[in-house]
Every structure is written in C-alpha cells, then in structure tokens.
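Work through the exercises below with the coordinates open. Try each task before you read its solution.

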Amino acid sequence: MSETNMSQAVQKTGAIQRLALPAQDEDVAALRRALIAKLTYAVGKDPLVAREHDWFVAAALTVRDRSVDRWMTSTRATYTEKRKRVYYLSLEFLIGRMLFDSLNNLQLLEPMRAALAELGVDLDRLREIEPDAALGNGGLGRLAACFMDSMATLGVAAYGYGIRYHHGLFRQVIKDGWQHEYPESWLANGNPWEFERPDVSYMIGFGGTVRQEEMADGTTRHVWEPAETVEAIAYDMPMVGWRGKHVNTLRLWSARAPDPLRLDAFNRGDHIGALAARARANAISQVLYPSEDTPAGQELRLRQEYFFSAASLHDLLHRHLYQHGDLRSLPEHNSIQLNDTHPAIAIAELMRILIDDNGFDWDEAWKTTVGTFSYTNHTLMPEALEKWPVHLMERLLPRHMQIIYLINLLHLDGLRAAGKDDPALLASVSLIDEDNGRRVAMGQLAFLGSHRVNGVSALHTDLMRVTVFRNMHSLYPDRITNVTNGITFRRWLNDANPALTQLLADTIGPHVLDDPDALSGIAAFADDAAVQERFAALRRENKVRLSNRIMETMHIRLDPDAIFDVQIKRIHEYKRQLLNILETVALYESMRAEPTKTWAPRVKVFAGKAAASYHRAKLIIKLINDVARVINNDPTMRGMLKVVFMPDYNVSRAEMIIPAADVSEQISTAGMEASGTGNMKMALNGALTIGTLDGANIEIKERVGDDHIEIFGLTAAEAEARRADGIDARDTIAKSPLLKHALEAIASGLFSHADPDRFKDLVNVLRHHDHFLVTADFDSYAAAQRRVAARWGDKKAWWKSAVLNTAGMAWFSSDRSIRDYCDRVWDVKLPPAMR
C-alpha cells in the first residue's frame, strides 16, 4: 500500500484523527509523512494496528534520519579542514533516553509532538516507552555523556569509545527492603539509534607467547602470538549538538567469537562445548563492572578494558593513517583522553603497535605516546586506583607486561641517574606495587604515559598533588592541571525542567538557551515577587508529578507542600547515606517526643545502586527501607515525615526527581568526593545544597554565596587530622544525645523487629571504626538541617536562594569544561563561531 493510500485508509477508519494542518506548517507535515513511512517500511506495521513501541521506533528512526545528514556534513568538514580529533575513551556512557534529547537539540520537539498528535499518538507516552541505555552506572558515565553533548555543541571533532553492554550494570529490584540484582534488558527490542558496522571490526588478542625475530639490520623485533582472539564489532550512534550544528560519533564495541560454533564438536554431540568460545567472547560485552570477587571476575574486567582500548586504538590509528599517512604526526592531529584508569592499558598497547608493528624506536614511540594521551583522575582513594596482579597481566597480556616492565625500568633508572635514588621514593612512583603481592599500578601508568593529568574540581586537583600523586607531582610539577566538571544544560534544564527553562527565557531572554553564561542574568530578579511566585509554582508542579509517580509505583502518599530533601547517588559509605538516615531517625525520635511542636514537613528521597558485592552498602539500603516502613506507617507522624527509596535509579528517574528537589544532599566525607555533578544538577534547578566542603561544593559555594548554601562538617584537612587521632567514636557519641539515641533506636531493633541484630554491624562500625567520620559530623549536620527547616518558613528568603542557586550555576556548564580541556589539555582550536 502506498503512503498516500495508507493515510487515506487511516482517515476513513477514524482510528487516527488527523487535525487540520496549516499550509505553512511544512515541518509538521514532513514529519507526519516520515513517521508513516518509517512505521510502514522500516517497522513493517500498519498504522491501524501499530503499538506504542512501534510508534516509538518510527519516531526514533525519523529523528535519526535528520541527524544523519548533519552527521555526514560534520564528518566531511573534519576531514576537509584537517581538524584535530579528540578521542574520549570511557568504560561508561550514561546517555539515558535519546528521543527527547535529540528532538530538543534538533529543535523538533514541538513539530514532532504536533505530527504525532495528528496521528493520534502522544509523544509523552513514547518517552516513557524508551528504555534507558544501560551503558553506565553513575557520575563517571553521566559526565562522559555530558561531554559528548558539549563537544558536539562546540563543534569539537570527537569520537566517544566504549563497550556496547547487553545488560548494563544491573536492574535494581527492592524486595522486603533488600536490593536484588537482575540483568538490564534495554536491547531486548533493539536500539533504533544505532548503526551496526560489520565492516568495522578488529581482532583483539589475549594470552599466548612472545617470540623474538632477528632483523636484517641487527635489531630485534618482538612478535606477540595470541592464544585467543576476539572480534570487536563497531556500533555507532550519532551524538547531536545544540541546534544540530554539529554531530559526533559514539562508537561502542561488541565482542564476538571469530568462530561462533565449533561444528566438529557440535556434530560429535557436544552441543554445549561447541559454543564455549562464543560464550567466552560474548561475556566481554555482557555486563558493566562484573564482580571481581573471583579470579575469573578479575580476568573478565581486565579483558573488557583491554578489548575496548585496543579496538579503539586500532580504529583511530586506521583513520589517522588514511588521512595523514604517518603515525609520527599522531599527537599533532589527535588527542586521546582516558576517562579514569579503565583504559590506561591503551598506553602499553600504543607502544606495542608503534614498536612491534610500525618499527618505531623506543624513544620515538614513547614521545608519540605521551604526546597523544591525557588522563582524568576521578578518585583520591588509593584502593580505587586499579592495580592488576602481575601474574594475571603476564598470562593475559604478555607483550604488554614486557613493555610495562621496560617503561618502569627506564623511568626508575632515569630517576637514579638524576640523583633521586631514595628507595621509598622509587617504590612510591614505580609502576609495580610490591606490597600485598606484585601488582601493576594503572594510575601510575596513566600518569606517566600522559602529557596532562587533570583533576575534576579545584579541591580534588589540589589534593591529588599532595596525596595519591604526591611524588609523581614532585617529579613532573607541570603535568597536573584542573578542569572542574560540568553538566549539559540541554539535558538537565531544557529537557528535565521545561517550565523553569521557559521562566528563564521569558525573564532574561531566549539567548539563555544558547549561552550558558547568560544564566547568571536571573540573579537580578532574585527579589522579584513575580519571579519567586512563578518559581515556587513550577517547583510544586514538579513535586506533584514526582508524588504521583511514587504513589503509582510504590503506593506512598506524599505532601507536595513538604520539603523534598533528596540524596540520589551511588550507595557508598563515603557518600554517607548513613549520615542522612541517622539524622532522619533522630528527627523522627524528636518529632515523636514533641508532637505539639511546629515541625517543617519533610519528604526524604533516596535513590541509588550498591555494587552487587558491596554488602555494607546493601545493608544501608535495607536500613533506609526499614526506617521508611516504620515512619511511613506511624499515624502519630500525620504525614509530616516520609521516607522513600526509589528503586533502579537511572537518568530518566533523575530527570523526574531533580526538578522536584528542594534540598540537595551533598554530604560526602570531606576530601573523598572528587567533584560530583548531582550537586550541580540540583542547584541548576534551584535546590538548596546542604553539604560538606568537598568536591565541587566549594566552587558552588563561591558562586551562589555563603547565605544560599548550607555548609557543615569537617574540612578535608580536619578530617585527615581527625583520623590521625583515631577513629573510635565512642566518646563522640557519648557527647551527642541526639546521635546516641538514634544509634540506640537502630541497635535495639526498633526498625527491624523480626531481626533485632540486623544492623549491629553498621552500629558497631560507627562506634569503633568510623573511617568516614559519620559521627564526627553528625551534630553539625543536624544543626544544618534545623537551619534548612527554619529557612523553609521564610518563603521569600527560600525562593531568593533558589533563584540565586540557578543563577550561580552558569559557570558549571559542561561547555565551559570542554573549552577548558581544549585550552589546557587537548590543544584543540574551536571553530571560529564557538571561540
């Protein structure tokens, strides 16, 4: 059936009521025709029987088509203008849903809404149909996604490289308060945004032996003969910048066995064994962060990291040789950014390719490698900097281990020759950690093999220089620089909070949509009663929307006029969800003790995943849920205090929660959070931050002003000194009646009648081994919470702070971060219009 006849049939049946179309509305008409064509010829469905998912795929393909033309134009321009490329290697890209993001960036949101409405389809329903891409876990992956958006918006010629995980991290289900993990199923119905590239594949080796060949000129060449090979297949997704002016590529690798079936074994009746190689290869791209509790889990993690790093290097080197012909010019035309230590093995891989495959001498290869790579550090905790057992590296990547040994030997010999021969210094900067078994320190390799190493907030960068990389910094004092993280306002303001976006555009002008710096202009209206009233109204609408979702999915009724106090992030002891729920217990006890006192109504919203093997973090989730069960069902509270743990936190849930947040909990132990970006997202939407002087909280404080943020607790230096004095907290607890009673309530089984000893481990850790200083900061935190409650009673002051928080976030755009990377790290010149 032709497209015209199909449309006529639809109209005749009345199944889809098409509205009268203004003749001048060509965008809507063109989209409507494209939607019908995609539904018919790509999805293979008659509009009369199409389901919502069919319409979603048709809409996604229609939008993708409009990205492709711009994608091709951007790629051609990069080649013809010989622009320097940036390659962003990251194990995570937490891109979330793509439909609304792409429509907004292409300026097609309202035309698409109108076109679908004429076909009887609700665009907002399609938004709910789309699954979140399960390509990341938390801040690391979301930062990578924001950076991909900003690089496209600023016209930086960039590729993102990662893994196409079939099942992501895990889908979190809460049963009886406990976290349970199930596979993500985001690819169950395919991914309409991607293009499979079977012609772009590389063979990646593992194991085997290394032999030497004597060359005619008397030199020796090393030849790695892998025992196993895995095929890396490329899948591409276009990453559209603001207003569609530039489109970059996110290339994700999927692992396959070169021979998916051993037919001889299958025909012998060994049907399972015949598929063993296929299962072993496929495991590489199945899940993000497989547990390292077993040797097999450790090996799989290393296989994943080498697999995607090697495939990405082969791909970008192929592109460079095609255009420029000589690998010696690699640093001039390319910059490779390592997002954390996960892709650090790429340094050894590039050295192998240059020396073994292309005949570079060692010094020339090292100069090229260091000139090409840069490394972003995301943690100050030494245990979080990856270290791989030497015996595993020698077995899995034997040639790379030889290269790492030689890098280390030349590095240490150079220090000795310069008179720096103190054994303690040499041990601290060695690539081989001899403590607790010999291990390869990937953070040291990333530092040594990069020309720039950056922290992600001012405090984090300063602490890098005096903690995890103190001695490396003393040897290379010009290598570390700072680039404070940022967030894309397109996703976290325009998409997530269109009502606030409209308020900003109406108040300070539509240019705020194109210039993040213009956001600061709303500060002039902080005392404007009409602006405050409108801000309060749209916040309440967002809270009603969130409350309705929680009622539908969790059957908990919330008061949208209460303070929505939000902590949404990965569950970890240093992020201190435990401090938050302890103070909630203390507040509950106080409210029960003084029922006639006037209390500010409060809703505590938690969300986040605990690593599957992180048992204490999972126990904290259970505690939150047990506390919620008791408080939410206590009639004496009269709804004045509610606690909610929203399961399966992801980007889409964040887009719903963040615009509804009144208070943003950023309460990590000072000196442990590298930056944080949730703090920026909630402040951008006008939430008041309650936080420690940690990560980017410090820079937020500088920009919103001391009167519009609630800071509490020890500083990083004070926290370090406190630990040096000991972390037994019994004296601290004894001096705080509020804390003492809260701990006793938990330890007594008040929230766990069926198992009174359930939380004994958590309480004992706080009493005797409080490494994260929850007890030390408790009274200061509780006092800050009371100040928040008092401020809530002064609506004019509250909404002034909300406006000034939004205004103060102008500097925290990821566009600014990318400009900083271009200037300080990559040596990339932006297109003239973007400078």
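**Exercise 1. Classify the two partners of a salt bridge.**
Take Glu 81 and decide: is it buried or exposed?

Solution. Start with the cut-offs: buried means under 20% relative accessible area, exposed over 50%, and partly exposed in between, with a 1.4 Å probe and protein chains only. Glu 81 has a relative accessible area of 51%, so it is exposed. Now turn to its partner. Arg 83 has 16% relative accessibility and therefore counts as buried. The side chains of Arg 83 and Glu 81 form a salt bridge, 3.9 Å from N to O. The criterion is a side-chain nitrogen of Lys or Arg within 4 Å of a carboxyl oxygen of Asp or Glu.

Two notes on the source before going on. The model is predicted: local features need pLDDT of at least 70 and side-chain atom pairs count only at pLDDT 80 or more, while totals for chains, interfaces and linings use all residues. Residues are numbered from 1 along each chain as its sequence is written, and side-chain values use heavy atoms, with hydrogens and water left out.

**Exercise 2. Extend the salt-bridge survey.**
How many salt bridges does a search of the whole structure find? Then examine Arg 439 with Asp 433, and Glu 720 with Arg 723.

Solution. The search of the whole structure gives 77 salt bridges. Arg 439 meets Asp 433 at 3.2 Å, N to O. Arg 439 is partly exposed at 24%. Asp 433 is buried at 14%.

Next, Glu 720 and Arg 723 form a salt bridge of 3.6 Å, N to O. Both lie in helix H28 (residues 716-724), 3 residues apart, about one turn of the helix. Helices (H or I, at least four residues) and strands (E, at least two) are DSSP runs, numbered from the N terminus. Glu 720 is exposed at 52%, and Arg 723 is buried at 17%. Elsewhere, salt bridges with shared partners join Asp 176, Lys 622, Asp 626, Arg 629, Asp 755 and Arg 758 into one network.

**Exercise 3. Trace the mixed sheet.**
What is the strand order of the open sheet of 9 strands, and which strands stand at the edges?

Solution. Two strands pair if DSSP finds at least two bridges between them. The order is E5-E8-E9-E2-E1-E10-E11-E15-E16, with mixed pairing. E5 and strand E16 (480-482) are the edges; each has a single partner strand, so one side of each is left without a neighbour in the sheet. The twist averages 25° from one strand to the next.

Now check individual pairs.
- Strand E5 (residues 195-206) and E8 are antiparallel over 9 bridges. The bridge partner of Arg 197 is Ala 234 in E8.
- E8 and strand E9 (residues 247-256) are antiparallel, joined by 10 bridges. Pro 238 has Thr 249 in E9 as its bridge partner.
- Strand E1 (residues 85-89) and strand E10 (residues 334-339) are parallel over 5 bridges. Tyr 87 stands opposite Ile 336 in E10.

E8 and E9 also form a hairpin with 6 residues between them, and Arg 243 in the turn has a positive phi of about 60°. Finally, why is strand E8 (residues 228-240) called largely enclosed? Because 11 of its 13 residues are buried.

**Exercise 4. Trace the parallel sheet.**
Which strands form the edges of the open sheet of 6 strands?

Solution. Write the order first: E19-E18-E17-E20-E21-E22, paired in parallel. Strands E19 (641-646) and E22 (710-711) are the edges, each pairing on one side only. Strand E17 (residues 563-568) and strand E18 (residues 602-607) run parallel, with 6 bridges. Val 566 faces its opposite number, Val 605 in E18.

**Exercise 5. Describe the second largest pocket.**
Which helix gives the most to its lining?

Solution. A pocket is found on a 1 Å grid over the protein atoms alone: an open set of points with protein on both sides within 12 Å along at least five of seven lines. Lining residues have an atom within 4 Å of a point.
- The lining of the second largest pocket has 38 residues; Arg 127, Asp 495, Ala 496, Pro 498 and Arg 545 lie nearest its centre.
- Elements giving two or more residues to that lining include helix H6 (123-129), helix H20 (489-495) and helix H22 (529-554).
- H22 gives the most, with 8 residues.

Notes. 1 Å grid on protein atoms, 1.4 Å probe; cavity = no way out; pocket = protein on both sides within 12 Å on 5 of 7 lines; lining within 4 Å. Axes fitted to C-alpha atoms, helices over the stretch in contact; angles between N-to-C directions.
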